[in-house]
Every structure is written in C-alpha cells, then in structure tokens.
Amino acid sequence: GGSERWERRAGRQELLYGEERLVGNFGWDNVGRSFDAARLRTRAGAWTSDFFWARLVDVRRAGLPHRPGNQDLYGGYFTRAKKDSPGRTELYAFYLRDGLRTVGERPLDDPQATRIATLGFRRAYEPAAGWRYGVEHAWQFGQRGPDRHRAAMLIAKGGYLWPQRGQPRLQLEYD
C-alpha cells in the first residue's frame with residue numbers, strides 16, 4: 001500500500017535490484033528465490049529509495065529438514081533515474097547476517113555466525129538503440145564465521161544495439 005511518494009510492502013516477495021547479481025530471484029534456477037520481507041520505498045524527483053529487511057525463504061528439497069539459523073538481509077538501495085532518460089545511477093548498502101554457525105579455516109575455531117556488509121554502485125546507460133554501457137563495483141567486508149571476509153567485484157560492459165528487426169547487438173563484458 002502507499003501513495004505516489006511512499007510505498008510499503010510486507011510479506012513473501014521477490015527482491016530485484018540492479019542486474020540481480022547480488023539480490024534477485026534466481027530466475028535461472030529450478031527453484032526461484034523469495035524472501036519474507038518488509039520494504040519501504042520513497043520517491044522524490046529523480047530518486048527512488050528502498051529500505052528493507054528480508055529473510056531468505058528456506059526451500060526444503062527432497063524432504064530435507066530446514067537448515068539451522070536464518071539468513072537475514074538488511075539494505076538500502078538508492079536509484080537516480082531522470083524521466084525520459086536511458087541512464088540510471090544506483091547506490092546500495094547491504095548487511096547479511098547468516099545465523100548458520102560456520103567453522104573457520106582452523107579446526108579449533110568455534111563456530112560463529114556470518115556477518116558481511118556490502119557497499120556498491122552501478123551506472124547504466126541503455127537507450128532503445130545505439131551505444132550503451134554499464135559498470136558496477138562493490139566491496140564486501142565482515143566475518144564469515146570466525147574468518148575475516150574481504151571481497152570486491154567489478155563488472156564493465158559496453159556495446160551497440162541496432163534498431164533493426166530482432167535488435168542485433170554487439171557487446172563486450174568484463175567480470
């Protein structure tokens with residue numbers, strides 16, 4: 001429910017952000033990914049801001065019991081997209097707390113929960129035809145069980161989309 005400026009949503013839902021590399025529904029898998037979540041969205045001018053808490057829905061396959069602990073994801077996702085413009089800028093911050101207790105690399109480590117923060121941005125320019133590009137960069141830091149976690153990702157792509165029937169495209173991508 002909500003208005004033009006505010007929207008709130010609670011319950012089972014899919015969360016789809018950016019190109020769904022970090023948060024998405026796993027549409028390519030046999031079992032999609034959904035969350036029990038609460039989300040607040042606000043719009044002001046060219047900006048849309050999402051704030052959410054989400055718990056990954058535990059899918060039991062072949063009658064297996066639920067996994068111990070819950071995967072909770074907290075986040076903010078901020079998108080700037082001017083009306084009638086093919087460009088968009090996205091900034092995000094996520095915090096994952098996995099209640100599954102993980103043993104570290106050393107056998108004597110006590111099992112601990114995973115806690116990982118992610119900060120990132122994405123810039124995309126995707127007109128209906130012509131030159132297009134996208135770049136996304138994110139950093140992660142925190143603890144995976146008792147072990148220190150540090151990671152980064154960079155994705156850059158560019159190409160050309162022809163306006164002819166079938167819209168042939170030439171694109172290069174670096175991940």
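The following exercises, each with a worked solution, concern side-chain contacts and the largest pocket of one predicted model.

Residues are numbered from 1 along each chain as its sequence is written. In this predicted model, local features need pLDDT of at least 70 and side-chain atom pairs count only at pLDDT 80 or more, while totals for chains, interfaces and linings use all residues, and side-chain values use heavy atoms, with hydrogens and water left out.

**Exercise 1. Classify the aromatic pair of Tyr17 and Phe52, and state which parts of the chain the pair ties together.**

Step 1. Rings of Phe, Tyr and Trp (its six-membered ring) pair if their centres lie within 6.5 Å; planes under 30 degrees apart count as stacked, over 60 as edge-to-face and the rest as tilted. The whole structure holds 12 aromatic pairs.

Step 2. For Tyr17 and Phe52 the centres are 5.6 Å apart and the planes stand at 15°, a stacked pair.

Step 3. Because Tyr17 lies in the loop between β1 (6-13) and β2 (35-44) and Phe52 in strand β3 (residues 47-56), the pair ties together parts 35 residues apart in sequence. Strands (E, at least two residues) are DSSP runs, numbered from the N terminus.

Step 4. Buried means under 20% relative accessible area, exposed over 50%, and partly exposed in between (1.4 Å probe, protein chains only). Tyr17 is buried at 8%, and Phe52 is buried at 5%.

Step 5. Tyr17 and Phe52 also belong to one aromatic cluster with Tyr77, Tyr92 and Phe94.

**Exercise 2. Determine which class the ring pair of Tyr74 and Tyr95 falls into, and describe the exposure of Tyr74 and of Tyr95.**

Step 1. Tyr74 is partly exposed, with a relative accessible area of 36%; Tyr95 is partly exposed, at 33%.

Step 2. The ring centres of Tyr74 and Tyr95 are 6.2 Å apart and the planes lie at 35°, so the pair is tilted.

Step 3. Tyr74 in strand β4 (residues 71-80) and Tyr95 in strand β5 (residues 87-102) are 21 residues apart, and the pair links these distant parts of the chain.

**Exercise 3. Trace the salt bridges of Asp72 and of Glu90.**

Step 1. Side chains of opposite charge can pair when their charged atoms come close. A salt bridge is a side-chain nitrogen of Lys or Arg within 4 Å of a carboxyl oxygen of Asp or Glu. The count by this rule is 12.

Step 2. Asp72 meets Arg55 at 2.7 Å, N to O. Asp72 lies in strand β4 and Arg55 in strand β3, so this bridge ties together parts 17 residues apart in sequence. Asp72 is buried at 10%, whereas Arg55 is partly exposed at 29%.

Step 3. Glu90 bridges to Arg88, with the closest N and O atoms 2.8 Å apart, and to Arg122, where the closest N and O atoms are 3.1 Å apart. Glu90 lies in strand β5 and Arg122 in strand β6 (residues 112-125), so their bridge joins parts 32 residues apart in sequence.

Step 4. Both Glu90 and Arg122 are buried, while Arg88 is partly exposed at 32%.

Step 5. Arg88, Glu90 and Arg122 are members of a network of salt bridges that also includes Glu19, Arg21, Glu136, Lys157 and Glu173.

Notes. Helix = DSSP H or I, 4+ residues; strand = E, 2+ residues; numbered from the N terminus.
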